[in-house]
Amino acid sequence: MPGPLNGVKVLDLTAIYSGPICASILGDHGADVVKVEPPDGDTMRGPGRAAINGVPGPFAMLNRNKRSLVIDLRNEEGKSAFKRLLPNADVVVENFRPGVLERMGFGWEVMHEINPMLIYCSITGLGNKGPYSNRRVYDAVVQAISGFATLQADPKLDRPELINTLICDKITAITAAQNICSALYAREQTGEGQHVQVSMLDSALFFLWPDSMANYTFVGREVDMGHVASHRYFVRETKDGYVITMPVKRGEWQGLFTALELDNLLLDDPRFNSPMARRRNSAMFQTMLNDAYKNFTTAELVKRLDENQVPYAEVNSRAEIVEDPQINAMGALLEFEHPYGGLMRQPRPPGLFSDTKTGIFRTSPDLGEHSVEVLAQYGFTEEEIADLVNQNVVHTDDY
């Protein structure tokens with residue numbers, strides 16, 4: 001069965017992380033995604049990253065299910081060639097700094113005039129207006145402005161810390177893909193395309209607000225709670241390792257106390273028998289719990305936690321993730337042959353459809369690998385393609 005986005009044609013003008021991930025999500029769902037690259041390619045193709053036979057691991061994930069078309073958009077011939085693609089496209093995704101594409105002659109108004117049904121998605125760091133909008137922006141900048149860095153701070157040192165992954169890029173990519181699908185649905189009702197603008201900062205704030213910023217919900221009645229409740233208390237040390245436990249409901253707390261052989265003390269002791277009491281006596285409570293965890297090996301404790309229905313997990317190293325029995329039972333990691341990089345492993349698209357297929361339909365492309373194929377599909381003649389190649393406007397490995 002074809003994917004749920006089968007028939008949707010996407011022109012991907014993005015680079016680095018947020019944009020390419022967004023476009024790859026569309027490709028995972030069956031869209032025909034053409035990665036439009038400059039002659040020197042996406043920066044993520046470059047050296048300094050884990051690579052085999054010239055295929056960087058990050059690039060292979062970020063750009064699966066895409067074809068590569070190299071057009072030099074710095075000259076007029078390249079711009080004219082790209083404009084000829086637009087009438088047959090459904091979606092354009094770009095993540096240039098605000099104003100760059102407009103100066104190149106490819107702003108929303110121009111593209112909309114060429115193709116009124118086009119969905120044009122602009123991904124920015126900090127939006128299109130405001131005092132920060134023209135800054136160069138990467139994930140760490142958004143983590144600082146949105147509050148991620150403060151939330152990660154060690155309360156003892158009060159030093160901001162960054163989450164050790166490009167979380168804002170990834171949140172933005174998922175948000176942008178969802179918004180594009182919504183715009184495609186709206187087009188089915190109206191017959192009109194539209195400009196979709198998604199910023200990393202908007203995406204990060206939306207992600208944080210339900211829990212980490214909830215005390216700023218009521219205007220004029222904000223509550224400064226100081227340091228947020230640290231999630232470090234979910235990590236507990238055993239005799240020989242670590243486990244994560246996260247009891248929330250009363251029955252889960254009772255199960256934890258039973259597993260730790262503390263049930264009588266903690267359920268009957270007024271210092272600890274309610275959430276409010278545990279907060280009032282937090283230091284003493286945490287010390288007692290930490291001591292109790294260390295009475296068990298990890299294997300002993302996880303068995304007891306499981307028997308008492310406590311939310312728990314052993315802590316995987318990155319190497320252990322690929323061997324985790326639950327991950328393997330789900331089939332969450334796919335293995336496939338890349339024509340240049342050999343046997344690869346990547347996560348499957350995180351959504352299973354009963355009637356339409358998602359998956360890795362194409363491996364990441366070589367630079368310009370599909371230039372001739374794509375141009376021919378979009379209506380260029382052999383002579384026109386050869387002329388563009390000879391002028392060095394289009395780069396390909398087919399000539």
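How many residues does the hairpin use to join strand 9 to strand 10? Four: select strand 9 (residues 235–237) along with strand 10 (residues 242–245), and you'll find four residues carrying the chain from one to the other. Keep in mind as you click around that this is a predicted model.

**Stop 1: the strands around strand 10**

Stay on that hairpin. Strands 9 and 10 pair in the antiparallel sense, with three bridges between them. Pick Val235 and look across: Ile244 of strand 10 stands opposite. Now add strand 11 (residues 312–314), which runs antiparallel to strand 10 and is joined to it by three bridges. Ile244 turns up again here, standing opposite Ala313 of strand 11.

Next, switch on the side chains of strand 10. Which of them are buried? Val243 and Thr245, which point to one face. Tyr242 and Ile244 point to the other face and are not buried.

**Stop 2: two asparagines with positive phi**

Most residues other than glycine have a negative phi. Select Asn53, then, where phi is positive at about 50° even though the residue is not a glycine. Look for Asn53 in the loop between strand 3 (51–52) and strand 4 (55–56).

Then jump to Asn65, another non-glycine with a positive phi, near 60°. Asn65 sits in the loop between helix 2 (57–62) and strand 5 (66–71).

Is Asn65 buried or exposed? Its relative accessibility is 4%, and buried means under 20%, so Asn65 counts as buried. Asn53 has 64% relative accessibility and the cut-off for exposed is over 50%, so Asn53 counts as exposed.

**Stop 3: helix 9**

Select residues 200–212, which make up helix 9. If you like a quick geometry check, put a distance on the end C-alpha atoms: they are 17 Å apart. The 13 residues should span 18 Å at 1.5 Å a residue, so the two values agree.

Now colour the buried residues of this helix: Met200, Leu201, Ser203, Ala204, Leu208 and Ser212. What covers them? The cover includes strand 7 (119–124), helix 6 (139–146), helix 7 (148–151), helix 8 (167–190) and strand 8 (194–199).

**Stop 4: aromatic pairs**

There are seven aromatic pairs in the structure. Start with Trp108 and Tyr120, a tilted pair at 6.1 Å centre to centre, with 35° between the planes. This pair links distant parts of the chain, as Trp108 belongs to helix 5 (residues 108–114) and Tyr120 to strand 7, 12 residues apart. Tyr120 is buried with a relative accessible area of 0%, and Trp108 is buried at 17%.

From there, move on to Trp253 and Phe257, another tilted pair, at 5.7 Å centre to centre and 40° between the planes. Both belong to helix 10 (residues 250–259), and they are four residues apart, so about one helical turn separates them. Trp253 and Phe257 are both buried. Now add Phe272 and Phe285 to the selection: ring pairs link these two with Trp253 and Phe257 into a cluster.

**Stop 5: arginines over rings**

Finish with two arginines. Select Arg84 and Phe380: Arg84 lies over the face of the Phe380 ring, 3.9 Å from its centre. Then go to Arg232 and Tyr233, where the charged end of Arg232 sits over the Tyr233 ring, 4.6 Å from the centre.

Key
Residues are numbered from 1 along each chain as its sequence is written. This is a predicted model: local features need pLDDT of at least 70, side-chain atom pairs count only at pLDDT 80 or more; totals for chains, interfaces and linings use all residues. Side-chain values use heavy atoms; hydrogens and water are left out. Buried means under 20% relative accessible area, exposed over 50%, partly exposed in between (1.4 Å probe, protein chains only). Two strands pair if DSSP finds at least two bridges between them. The expected span of a helix is 1.5 Å times one less than its number of residues. Contact means heavy atoms within 4.5 Å. Rings of Phe, Tyr and Trp (its six-membered ring) pair if their centres lie within 6.5 Å; planes under 30 degrees apart count as stacked, over 60 as edge-to-face and the rest as tilted. A charge sits over a ring if NZ of Lys or CZ of Arg is within 6 Å of the ring centre and within 35 degrees of the ring normal.
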